[in-house]
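Thanks for coming. I will put one model on the screen and then talk through it.

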Amino acid sequence: VHAVPEMIRALFPAMCYSSSRRCSTSFYPHISLFSSRLYSTSTTTIIVPKDKLSFAFSRSSGAGGQNVNKVNTKVEIRFALHEANWMPEDVKERLIEQHPNRVNSSGEFVLTSSKHRTQSANMKDALDKLDQIVQAAAVAPKERIETKPPKSAAENRLREKRHRSDVKKMRSKDYY
């Protein structure tokens, strides 16, 4: 459990932090740490368990006036990819392939949000981002079916080569 300043606890009663557990109430339903979102693709349904994610809060830059210097509004979500048994191996591989800069040297997938001025809005934004990223990685890429080029394409290529050759021959001294 991350150490969170008393001010954050006072501002966001929906999330209470103790040394032993995290709990949530329905005051901020979109921040519920135990809720899961489902993704249905043609082949895979992935459940993202929020209790397997690690949340950290820090001060963010940008708009907000004095609020920026006092309140930890930036949200950082982390999870260890190699320990994510809730995600199929092929999805993990695609996640690393599609977002290599979000995976740190210890194999953690790190996602941040500091778009909004409030922690709750940034939390919702970060969870939505994670959902979109996982959904995109869950879709297997289409396999390319190799086809032969049509005869007309080969004929056009040879005709263009002959034309180009003739143009270059006309530039030579022997032509004149």
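I will start with the source, then the overall layout, the sheet and the helices.

This is a predicted model, in which local features need pLDDT of at least 70 and side-chain atom pairs count only at pLDDT 80 or more, while totals for chains, interfaces and linings use all residues. Residues are numbered from 1 along each chain as its sequence is written, and side-chain values use heavy atoms, with hydrogens and water left out.

The layout, then. The protein has five helices and seven strands. Helices here are DSSP runs of H or I with at least four residues, strands are runs of E with at least two, and both are numbered from the N terminus. Along the sequence the pattern reads α-β-β-β-β-β-α-β-α-β-α-α. Of the 176 residues, 34% count as buried, where buried means under 20% relative accessible area, exposed means over 50%, and partly exposed lies in between, with a 1.4 Å probe and protein chains only. Take the contacts between residues at least 6 apart in sequence: 53% of them join residues at least 24 apart. Contact means heavy atoms within 4.5 Å.

Next, the sheet. Three strands form an open sheet in the order β5-β6-β7, paired antiparallel. Two strands pair if DSSP finds at least two bridges between them. The edges are β5 (54-58) and β7 (108-113), each pairing on one side only. From one strand to the next, the twist averages 20°. Axes are lines fitted to C-alpha atoms, for helices over the stretch in contact, and angles run from 0 to 180 degrees between N-to-C directions.

Five bridges hold the antiparallel pair of β5 and β6 (residues 74-80). Within that pair, Ser-58 has Lys-74 as its bridge partner, and Ala-56 stands opposite Glu-76. On the other side, β6 and β7 are joined by six bridges, also antiparallel; there Ile-77 is partnered by Leu-111.

Which side chains of β5 are buried? Phe-55 and Phe-57, which point to one face; Ser-54, Ala-56 and Ser-58 point to the other and are not buried. In a regular strand the side chains alternate between the two faces of the sheet.

Now the helices. The axes of α3 (residues 89-98) and α4 (residues 119-138) come within 8 Å and cross at roughly 115°. The two are therefore roughly perpendicular to each other; that label covers 65 to 115 degrees, with under 35 roughly parallel, over 145 roughly antiparallel and the rest oblique. At the contact, Val-91, Arg-94, Leu-95 and Gln-98 of α3 meet Ile-133, Ala-136, Ala-137 and Ala-138 of α4. By class, these residues are six nonpolar, one polar and one charged. Nonpolar covers Ala, Val, Leu, Ile, Met, Phe, Trp, Tyr, Cys and Pro, charged covers Asp, Glu, Lys and Arg, and polar covers the others, Gly among them.

Last, one residue of α3: Glu-93. Is Glu-93 buried or exposed? Its relative accessibility is 55%, so Glu-93 counts as exposed. Leu-81 is 12 residues from Glu-93 in sequence, and their C-alpha atoms are 9.4 Å apart.
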